[in-house]
Each structure stands twice: as C-alpha cells, then as structure tokens.
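Thanks for coming. I will take a few minutes on charged pairs and then on one sheet; please have the display open.

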Amino acid sequence: MDLQKQTAADSELRASDADRDHFADILRDAMAEGRLTAEEHAERVEGVYGARTVGELEPYVRDLPGVHQARVTPAYAVVPRRPTAGAIPADPDENVVAVFSAAVRKGRWRAGRRIHAYSVFGSVEIDLSEAVFEYQQVVIKAWSVFGNVEVRVPQNVSLRGSGGGVLGNFEVDNQDAADPDAPVVFVDGWAVLGNIEARPKRGKLVADILDRVQRKVDKGLRGHLDR
C-alpha cells in the first residue's frame with residue numbers, strides 16, 4: 001500500500017477518546033496563544049467531540065501549528081491514591097441529601113474540601129464541571145441505599161475512587177491530569193442495592209486552570225511589549 005492509500009485508510013479509522021482529547025489540547029493551546037477567539041475555540045471543540053473518524057477531526061486543526069507536531073505521550077502528574085494526611089477535615093463542608101427525592105449541585109459553585117452525599121430511594125447529582133476549586137484536593141463521600149449518586153468532573157482534573165457495593169454498583173473512571181497543580185477529586189463510598197458513578201465530563205475544563213494559562217500568556221506578552 002502506498003503512502004497516499006495509507007493516509008486515506010487512516011482517515012477512515014474510528015476516532016478514540018484519546019484522539020479527541022489530543023485535538024482538543026491543540027485547540028486549547030491555540031486559544032491561549034491568541035490564534036483562536038473564544039467563540040472559534042468553543043465551536044471547534046464541539047465539532048471535535050462530535051467527530052466519529054480521524055479524518056473528521058483533522059479539518060478543525062488543519063490551520064494550526066500544533067497539528068504538524070508529532071504526537072507524544074503526555075506526561076502526567078503523580079497523583080496520590082489517598083488524600084494527603086491532614087489536608088481534608090473530618091466534618092463535611094456540605095451535605096447533599098436525597099430521600100425519596102432528588103438533589104443537584106451544578107453550575108458555577110464553590111466546591112469545599114469534603115462533600116457528603118446521601119441517597120436513600122433518591123437521586124443525587126454532583127456536577128463539578130463548572131465549579132470553582134478553592135482547594136487542590138476534594139473528597140466526595142457517598143452513600144447510596146436503593147438510590148443513585150452521580151459525580152461529574154472536568155476532564156483536566158485527576159479522579160480517584162475507593163469503595164464498593166453490596167448488591168449494588170460502585171464505578172469510578174480514574175484519570176490523571178497533566179497539570180501538577182490540577183485539582184484531585186477523591187470519590188469514596190458504598191452502594192447498597194444502589195448505584196454510585198463518577199466520571200469525567202468530556203469537553204469540560206476547569207476554568208481556573210485555563211485562566212492561569214491565559215495570565216501566563218498575558219504576562220509574557222506584556223514583558224515582550226515592555227522591551
């Protein structure tokens with residue numbers, strides 16, 4: 001098979017989550033460098049996470065320099081399996097309770113160091129995808145009895161889980177952030193004839209980390225202009 005045929009074949013390959021994340025990283029860097037506006041970035045990211053094949057991904061970054069660089073395996077921060085001793089208080093900053101009802105925490109809200117979630121014949125949703133992280137380590141302790149607890153985190157934080165189920169389901173999609181300063185969310189809990197799930201929310205990034213990147217870019221630009 002010649003190179004042209006090989007390239008065509010590669011473009012028809014199904015895109016993986018890692019492929020989409022790689023192209024989203026290129027778009028994020030391009031926005032931080034001023035190559036894309038916020039509106040252009042949002043539009044392209046939406047297209048990237050909706051792409052089915054590698055060929056559908058390429059047009060979104062074709063005019064950006066990052067696409068011409070060889071892919072490398074990202075370096076990930078070393079994340080502890082458990083919170084740092086003494087970093088998390090024993091008492092919760094917030095209780096989220098649903099008994100024969102539903103309770104939701106989502107949108108732009110401030111996440112404390114410890115959050116307790118109780119679901120008894122109810123449903124609890126804790127969405128951190130747009131939350132303000134005032135602490136690097138956050139513990140979510142969840143109990144589900146004939147209920148459901150769902151936790152969603154941004155895709156650029158680290159996620160760890162420890163728990164189990166008794167005739168129930170406890171599932172945490174562990175992930176490691178590339179930024180060593182990124183928040184770490186620990187989800188602990190037990191599900192008794194219930195369900196506890198925690199996973200990243202694709203396309204959602206911690207705004208605080210992006211703001212820090214933008215501040216670095218602005219600082220570098222000001223330094224260049226002051227010369």
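**Salt bridges and a sheet**

Let me start with R28, which is partly exposed at 26% relative accessibility; by the cut-offs used here, buried means under 20% relative accessible area, exposed means over 50%, and partly exposed lies in between, with a 1.4 Å probe and protein chains only.

Before going on, the ground rules. This is a predicted model, where local features need pLDDT of at least 70 and side-chain atom pairs count only at pLDDT 80 or more, while totals for chains, interfaces and linings use all residues. Residues are numbered from 1 along each chain as its sequence is written, and side-chain values use heavy atoms, with hydrogens and water left out.

What does R28 pair with? It forms a salt bridge with D25, and the closest N and O atoms are 3.2 Å apart. A salt bridge here is a side-chain nitrogen of Lys or Arg within 4 Å of a carboxyl oxygen of Asp or Glu. D25 is also partly exposed, at 32%. Both residues sit in helix α2, residues 17–32, and because they are 3 residues apart there, about one helical turn separates them. Helices are DSSP runs of H or I with at least four residues, strands are runs of E with at least two, and numbering goes from the N terminus.

How many salt bridges does this rule give? The count is 14.

Next, D176 and R160, with their closest N and O atoms 2.4 Å apart in a salt bridge. This pair links distant parts of the chain, 16 residues apart: D176 is in the loop between β10 (169–172) and β11 (184–192), and R160 is in strand β9, residues 158–166. R160 counts as buried at 15%, whereas D176 is partly exposed at 34%.

The third pair is E171 and R199, at 3.7 Å between the closest N and O atoms. E171 is in strand β10 and R199 in strand β12, residues 195–201, so this salt bridge ties together parts 28 residues apart in sequence. Both belong to a network of salt bridges that also includes D173 and E197.

Now the sheet. It is open, has 5 strands in the order β1-β4-β7-β11-β9, and pairs in parallel; two strands pair if DSSP finds at least two bridges between them. β1 (94–99) and β9 are the edge strands, each pairing on one side only. Inside the sheet, β4 (residues 114–120) and β7 (residues 137–145) run parallel and are joined by 7 bridges. There, H116 stands opposite K141 of β7.
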